[in-house]
Amino acid sequence: FRDLNDDQGHEVGDQLLRAVAARLNQLPIEHFMQARFGGDEFILLLEGLSLFRDRALLQMEQHVKTVLEVLGQPFILDDGQAHTGTASIGIAMFSDAPDEPRELIKRSELAMYAAKNAGRSGFSFFDPSMQAQVRLRAELEAGMRRALEQDEFRLWYQPQFDVDGHLIGLEALVRWQHPDQGMISPADFIPVAETSGLILPLGRWILRTACEQLVEWRQHPILGRVPIAVNISARQMQHEHFVEDVCSILDQTGANAASLELELTESLLVLDVEQTIRKMQRLRQRGVHFALDDFGTGYSSMSYLKRLPLDKLKIDQSFVRDLMTDPNDAAIIRTIVALGRSLDLSVVAEGVETDEQRQALIASGCRGFQGYLFSRPGSARELEQSLPLQH
Ligand code: C2E
Ligand code: CA
Ligand code: CA
């Protein structure tokens, strides 16, 4: 802006400012206000961000990238020439200074200077921890793209048992075998995969790998008889081709649909109940089974629970963890078991770590178990080696 102002005069400079303002007004962002603050500085006030700090941070990051992209397009001014410029954006969150508008503006300015210093066309958060978080996330995302190409993901399996110690199922749990950082837990990368959209290609890889495993184990005397459960993220389920994707993976691998169980969470179900039910029904017709994961932590309404083609409820680990100390948890578990019975669903308790917990679960009527007490998740090879010994 300064170059243009100095070389071509203030009139052309003003034109650029007006053009920038016009573009900012057209931003594809809901709920925002803009003002010119002075010189070539503008303020955008964004509303309606998530109340969760990490979620809000991601939203901010996306919006800011949009702004930079929009402002990075050339401006054609009255002189008939295309002018391109760069913008530096400083970000302060209301939570940084909730009661002090002046302080908030000052902080965003400080952040803007930091962004300017860091180079052209960039952004910076006032709070350095936010900055670090955003950078880490960007690295993780880039790493995951590479990992997908270079086949660094692994699918592990954790067995589920009945009261008599018979194997009744396997849950597939993804791992990232990072070349430098070792095995990375899904808790660290699944959330980023979800917000970045990478969960779609990763989710297809997971489904395909689980189905190939089903085929490989078909002749196995123990592993060939039980279903494999695959965790499905909301983003995957909402994808318009989800049903087709699952069906074509079943076709291509030749896996038995009845041996595939999809684990959905309650929070996923409430997003678009009718659409979700339709998709589940189509997959059910194909033979696929469904389990409701982390049950008891969300907001399942009894009325639609009845309408879902479910086969299994998985009692969330948090209830099992405090089972021996919190009498409420024992009551919740008994209620879930009763609910499962009346809806004709099997019930599996997750995160069973001690024999005391197992006994208490049995006393509450629970008949299915998964947890470190029985087995930790492991690779297919590890499972093949450990299982026959237990039978
Ligand atoms: P989840 O679906 O609730 O998976 C159960 C988690 O509990 C697994 O952690 C498992 O290793 C852990 N676990 C099993 N037994 C015990 C126990 O006795 N005690 C304790 N403390 N933990 C136990 P993991 O593998 O780290 O997975 C974490 C979460 O990441 C999963 O929670 C699931 O939400 C997500 N995830 C894992 N694999 C996939 C996947 O393939 N696709 C998707 N979309 N999400 C996945
Ligand atoms: Ca699960
Ligand atoms: Ca779970």
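Which protein donors does the calcium ion (ligand 3) have? That was my starting point, and I kept in mind that I was looking at a predicted model.

**Calcium site**

I looked up the donors and got D293 (OD), D294 (OD), E350 (OE) and E350 (OE). They lie 2.2 to 2.8 Å from the calcium ion (ligand 3). Then I checked how the donor residues are spaced in sequence, and the pattern reads D-D-x55-E.

Next I asked myself where D293 and E350 lie. D293 is in strand 12 (residues 289–295), while E350 is in the loop between strand 14 (346–349) and helix 15 (355–363). The two are 57 residues apart in sequence, so the pair ties together distant stretches of the chain.

I also wanted to know whether D293 is buried or exposed. D293 turned out to be buried, and E350 is buried too.

One more thing here: how far apart are the calcium ion (ligand 3) and the calcium ion (ligand 2)? I noted 3.9 Å, with D293 coordinating both.

**Cysteines**

I then turned to disulfides and searched the whole structure, which gave 0. Why is C211 not bonded to C247? The closest cysteine sulfur to that of C211 is the one in C247, and at 10 Å it is too far for a bond. A disulfide would need the two sulfurs within 2.5 Å. Coming from the other side, I found C247 in no disulfide, with the sulfur of C211 as its nearest at 10 Å.

Last, I looked up how accessible these cysteines are. C211 is buried, with a relative accessible area of 1%. C247 is buried as well, and its value is 17%.

Technical notes: Residues are numbered from 1 along each chain as its sequence is written. Chains are lettered from A and ligands numbered from 1 in the order in which they are written. This is a predicted model: local features need pLDDT of at least 70, side-chain atom pairs count only at pLDDT 80 or more; totals for chains, interfaces and linings use all residues. Side-chain values use heavy atoms; hydrogens and water are left out. Buried means under 20% relative accessible area, exposed over 50%, partly exposed in between (1.4 Å probe, protein chains only). Donors are N, O and S atoms within 2.8 Å of the metal (3.2 Å for Na, K and Ca); water is not among the atoms, so sites may look incomplete. Helices (H or I, at least four residues) and strands (E, at least two) are DSSP runs, numbered from the N terminus.
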